[in-house]
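Please open the structure in the viewer and keep the sequence panel visible. The tour moves from the whole chain to a single element.

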Amino acid sequence: MKIFTIVVRVLIGAFLLFASISFFLHKAPETEVTGNFKAFQLGLVASTYLMPLAKAVELLSGLSYVTGKYVTLANIVVLPVTLNILLINYFMSPATLPIAIALFAANIFLIYRYWHNYKTVFTP
């Protein structure tokens, strides 16, 4: 189980690093979006801070996952990002939903595997 945890951690880290570095270096091809998702994406871009903030969180969390340092913190910090990715894909872009489900499930799995580090937070 330990090796599987490391594999999941490194894969989710690599995915987050790829997504954030591609965003900051403008290397990802622009995908054509339509309908509600286009309006949503235009709103995110118009906010000017939200996408860079989310991508910075992804970058730092990805580095944490790949290096194996501060994984407990990265699990919690990136949870809202992965949840938003899941919900956005569920409601507005179902074609890419399997990737979002895998990312969210990997995040939940890592929280489960590091649960012993969170126990003190939930004790009265």
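Select the protein chain and display its surface: the accessible area comes to about 8,300 Å², of which 73% belongs to carbon and sulfur atoms (Shrake-Rupley method, 1.4 Å probe). This is a predicted model, in which local features need pLDDT of at least 70 and side-chain atom pairs count only at pLDDT 80 or more, while totals for chains, interfaces and linings use all residues. Residues are numbered from 1 along each chain as its sequence is written, and side-chain values use heavy atoms, without hydrogens and water.

Next, reduce the display to the C-alpha trace, which spans about 45 × 30 × 25 Å along its principal axes. The radius of gyration of the protein chain is 15 Å, which agrees with the value near 14 Å for a compact globule of 124 residues (taken over C-alpha atoms; the rule is 2.2 Å times the number of residues to the power 0.38).

Switch to the cartoon. The protein chain has five helices and zero strands (DSSP runs of H or I, at least four residues, and of E, at least two).

Now select residues 97-113, helix H5. Its 17 residues reach 24 Å from first to last C-alpha, close to the 24 Å expected (1.5 Å times one less than the number of residues).

Which residues of H5 are buried? Show the side chains of Leu-97, Ala-100, Leu-103, Ala-106, Asn-107, Phe-109, Leu-110 and Ile-111; buried means under 20% relative accessible area with a 1.4 Å probe, protein chains only. Finally, add helices H1 (2-24), H3 (50-67) and H4 (71-92), against which the buried residues of H5 pack (contact: heavy atoms within 4.5 Å).

Definitions and conventions:
Buried means under 20% relative accessible area, exposed over 50%, partly exposed in between (1.4 Å probe, protein chains only).
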